[in-house]
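Visitor: I am new to this structure. Could you walk me through it with some questions and answers?

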Amino acid sequence: VVSEAEAKKNLLVLLKKEVDGELERYKEEEIRRVERGVKEESNNLICLALERCSSELVFTRTTDTLQVENQQIISKIIGREGRNINAFQRITGTELIIDRESDELSVQISSFNSLRRAIALRTLHTLIKEARFSPLQIEKTYQKASSEVNELIVKSGEKVLKELELSNVHPELVKHLGKLKYRTSYGQNVLEHCLEVAKLAGGIAAEIGLDVLLARRAGLFHDIGKAVEDNGNYSHVLSGISIAKKCQEPE
């Protein structure tokens, strides 16, 4: 025969197990409900941010084309026994492809490196305009074109910073940022990608009450390591960390 005290004790144990089970089920249901809510809210935030910062994709291109007026210019570009075209390719690190068969005479500058192509295109355009072709003149014109493109690189970096209302950026970091204009990754221009990420990060930060400018800054510089042309065995992430530390970016 079970005493009244033991019966109460056993009943309390059973009730506790039942209550604990109910609480556990309730907790699991609440966790699932919260997770669904968080997922739905995060999706809404991302969609809202995307709507506010739509941008176009810029796909990879490996050639630039320059139209020329006549065969005489083509002959000057090639030079006697090919000395001009060989010098041009050696100095600029690009390949010249001359199309003599189409209705419109043209010269293609080919390279996977967009920055090299940009400098080479500016060099060739100036040489044709001034009608002065020789290995020495190609070298001088290339040096001038390089300086001009470097100025454009800085201006590109400054333009993006102004658009995002970011300040106190190290000059070297501004230059690295501008170089991303001449980099592509997965078919997209890296500078355009970073600008898009910065706007997206800022939009999400605004919706959840975080520091908008800091979020933009983090988004903008997340791929800065891709500005390094030859980073050896480093990944672009490690290169980016190295650049950020050197330029005294806040962690």
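What follows is a short tour of a predicted model, told in questions and answers.

Visitor: How many helices and strands are there in the protein chain?
Guide: Start at the N terminus and read along. The elements run α-β-α-α-β-β-α-α-α-β-β-α-α-α. The count for the protein chain is nine helices and five strands.

Visitor: What share of the residues of the protein chain count as buried?
Guide: A residue counts as buried when its relative accessible area is under 20%. The protein chain has 251 residues. Its exposed surface comes to about 16,500 Å², with 52% supplied by carbon and sulfur atoms. The buried share of the residues is 34%.

Visitor: Among contacts between residues at least 6 apart in sequence, what share join residues at least 24 apart?
Guide: Take the contacts in the protein chain that span at least 6 places. Then keep those that span at least 24. That share is 63%.

Visitor: Which residues touch the most other members in the largest nonpolar core?
Guide: In soluble globular proteins, nonpolar side chains tend to be buried together. Here the largest nonpolar core holds 25 residues. Two or more residues come from each of α2 (71-78), α3 (83-92), β3 (106-110), α4 (114-130) and α5 (135-164). The members touching the most others are V68, I77, F88, L96, V107 and L124.

Visitor: How many residues are in the other core, the one that lies apart?
Guide: This second core lies apart from the largest one. Its members include L177, L180, L191 and A227. Its number of residues is 20.

Visitor: Which residues is F88 in contact with, leaving aside neighbours within four places in sequence?
Guide: F88 is one of the core members that touch the most others. Set aside its neighbours within four places in sequence. The contacts are then G93, T94, L96, A120, T123, L124, L127 and I138.

Visitor: Where does T94 lie, and is it buried or exposed?
Guide: T94 sits in the loop between α3 and β2. Its side chain makes a polar contact with the side chain of T92, at 2.7 Å. Contacts beyond four places in sequence include F88, Q89, I109 and R116. The relative accessibility of T94 is 6%, so T94 counts as buried.

Visitor: Which strands stand at the edges of the open sheet?
Guide: The sheet has three strands, paired antiparallel, in the order β1-β3-β2. An edge strand has a single partner, so one side of it is left without a neighbour in the sheet. The edge strands are β1 (63-67) and β2 (95-99).

Visitor: Neighbouring strands of this sheet are turned by how many degrees on average?
Guide: Compare each strand with its neighbour and ignore direction. The average turn is 25 degrees.

Visitor: Which helix packs on the sheet?
Guide: The helix touches β1, β2 and β3. Its direction makes about 10 degrees with that of β1. This helix is α4.

Visitor: Which residue stands opposite E95?
Guide: β2 and β3 pair in the antiparallel sense. They do so over five bridges. Opposite E95, in β3, stands S110.

Visitor: Which elements do the buried residues of α8 pack against?
Guide: Helix α8 covers residues 212-220. At its start, a side-chain oxygen of D211 reaches to within 3.2 Å of the backbone nitrogen of L213. The buried residues of α8 are A215, R217, G219 and L220. They pack against α5, α6 (171-179) and α7 (190-208).

Visitor: What is the C-alpha to C-alpha distance between L220 and A198?
Guide: L220 is found in helix α8. It is buried, with a relative accessible area of 0%. Its contacts beyond four places in sequence include V160, L177, C194 and A198. L220 and A198 are 22 residues apart in sequence, and in space the distance is 4.8 Å.

Visitor: Is E165 buried or exposed?
Guide: E165 is found in the loop between α5 and α6. Its phi is near 60 degrees, a positive value in a residue other than glycine. Exposed means a relative accessible area over 50%. E165 has 58%, so it is exposed.

Visitor: Where is Q248 found?
Guide: Q248 has a positive phi of about 60 degrees, although it is not a glycine. At 68% relative accessibility, Q248 counts as exposed. Its place is the segment after α9 (236-246).

Terms used: Residues numbered from 1 in each chain as written. Predicted model: local features only at pLDDT ≥ 70, side-chain atom pairs only at ≥ 80, totals over all residues. Heavy atoms only, no water. Core = buried A, V, L, I, M, F, W, Y, C linked by side-chain atoms within 4.5 Å. Buried < 20%, exposed > 50% of the residue type's maximum accessible area, 1.4 Å probe, protein only. Helix = DSSP H or I, 4+ residues; strand = E, 2+ residues; numbered from the N terminus. Contact = heavy atoms within 4.5 Å. Pairing = 2+ DSSP bridges. Axes fitted to C-alpha atoms, helices over the stretch in contact; angles between N-to-C directions. Polar contact = N/O pair within 3.5 Å; in protein donor to acceptor, adjacent residues only side chain to side chain. Areas by Shrake-Rupley, 256 points an atom, 1.4 Å probe, with all protein chains shown as cover.
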